[in-house]
Amino acid sequence: MKTFVLMAGGTGGHLFPAMALAQELGRRGHTVELMTDHRVESYGGDFPARQVHVIPSGTPTGANPLKLVPAGIKIVSGIAVALGKLRRIRPDAVIGFGGYPTFPPFVAASLMGVPGILHEQNAVMGRANRALTRFADILAMSFAKTRFTEGLALEKVLTGNPVRDRVREASAMPYPELTADGTLRLVVFGGSQGAKALSDIVPAAIASLPDDIRQRLRLVQQCRAEDLDRVAEVYRQAKVNVELGAFFNDLPERIAASHLVIGRSGASTVAELCVLGRPAILVPLPGSIDADQKNNALVVEEAGGGWIAEQATLSPQSLGTRLTTLLSDPAILTRAAAAARSLGQPRATEKLADLAEMLAGKHTELKQETRS
């Protein structure tokens, strides 16, 4: 059996696919350890690793050289810390999932001669991954067309974006039947931390819906804790059947039971929606680096699996109009659900695990040849 070290930034978008891979490698009898930053405490308390290591890191942003110095010092410190830990772990291969916390340990692994895979979740290659390509053996991609990967010398493999086990289990649920007078199930969430913009816009849009649609709605909305009271009041006055929460542990099952989703278009969100096969109104996070969320959403929209709603032009009125159109026509939603599912990569986890085992196997063979 092999030992793998996974490396990821401490947000859900990086940790969720790493968690999915860790689950699969564990099922295959391998040992997994994780290197990340302090934010893992918010997302990865149940990460299936033998040990979780917090590695110092910095984010080299901005044009001011004086601001780059502290980040550079943290990165060098992180490389030194990671080298010490990796020498004790002696991994057969490492897999990086992006974010600047990946940079120090991935470079350290390369300095030790440990082979590495970079996994890119988005339709636009992240800056940390771009900086790490010279240290990687393989680039695993979630989208066939990924910006900034053209001309790269390293091997590129389309695996898809791994999703958690419970997402794949929930994907067995067929798209709920839509009838002319039946219940309409809508899920609203803004990523793992919720989104203020959706709390501002969606309740007023729902309140503006025609009575016959609004009365049939069964709504689940994830909000920031500080927004719960005001959002609840809007829905109370509009007499909407709603369940609000700052976080839902069973969000995959709730999405699978829904007819339509409103949410951001981060890589993990898009991957899970497509595996589950649920249509969505996607509101890309404005100002995100390289417009990665918009590019993710464009893939879904071009396939017919959802609709982009730019936050800058989104209003309760425009969203209410779109919702009225969609919720009044079951055929539109049913077709979009099928289109979303056609994009799903439910075996992305196995593909990435196969790739990791292959690379680790080659590394073992090379070490044996060197010794002999």
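## Exercises: binding-site residues and the sheet

In this predicted model, the unreviewed UniProt entry places the feature "binding site" at T11, G12, G13, N122, R164, S192 and Q293. Let's look at two of these positions and then at the sheet.

**Exercise 1.** Work out where G12 sits and whether G12 is buried or exposed.

*Solution.* Start with the element: G12 belongs to helix α1. Next, take its relative accessible area, which is 4%. Buried means under 20%, so G12 counts as buried.

**Exercise 2.** Do the same for R164, then list which residues R164 is in contact with beyond its neighbours within four places in sequence.

*Solution.* R164 lies in the loop between β7 and α6 (165-170). Its relative accessible area is 16%; the cut-off for buried is again under 20%, so R164 is buried. Once neighbours within four places in sequence are set aside, the contacts of R164 are F16, M19, A20, Q23, P252 and E272.

**Exercise 3.** Trace the strand order of the sheet and explain why β3 and β7 each have one side without a neighbour.

*Solution.* First, write down the order of the 7 strands: β3-β2-β1-β4-β5-β6-β7, an open sheet with parallel pairing. Then look at the edges: β3 (51-54) and β7 (155-158) stand there with a single partner strand each, so one side of each has no neighbour in the sheet. From one strand to the next, the twist averages 20 degrees.

Finally, add the helix: α1 (residues 12-27) packs on the sheet and touches β1 (3-7), β2 (31-36) and β4 (93-96). The direction of α1 makes about 170 degrees with that of β1.

Key: Residues are numbered from 1 along each chain as its sequence is written. This is a predicted model: local features need pLDDT of at least 70, side-chain atom pairs count only at pLDDT 80 or more; totals for chains, interfaces and linings use all residues. Side-chain values use heavy atoms; hydrogens and water are left out. Two strands pair if DSSP finds at least two bridges between them. Helices (H or I, at least four residues) and strands (E, at least two) are DSSP runs, numbered from the N terminus. Axes are lines fitted to C-alpha atoms, for helices over the stretch in contact, and angles run from 0 to 180 degrees between N-to-C directions. Contact means heavy atoms within 4.5 Å. UniProt positions are given in the numbering used here, feature names are shortened, and annotations may be inferred rather than shown by experiment. Buried means under 20% relative accessible area, exposed over 50%, partly exposed in between (1.4 Å probe, protein chains only).
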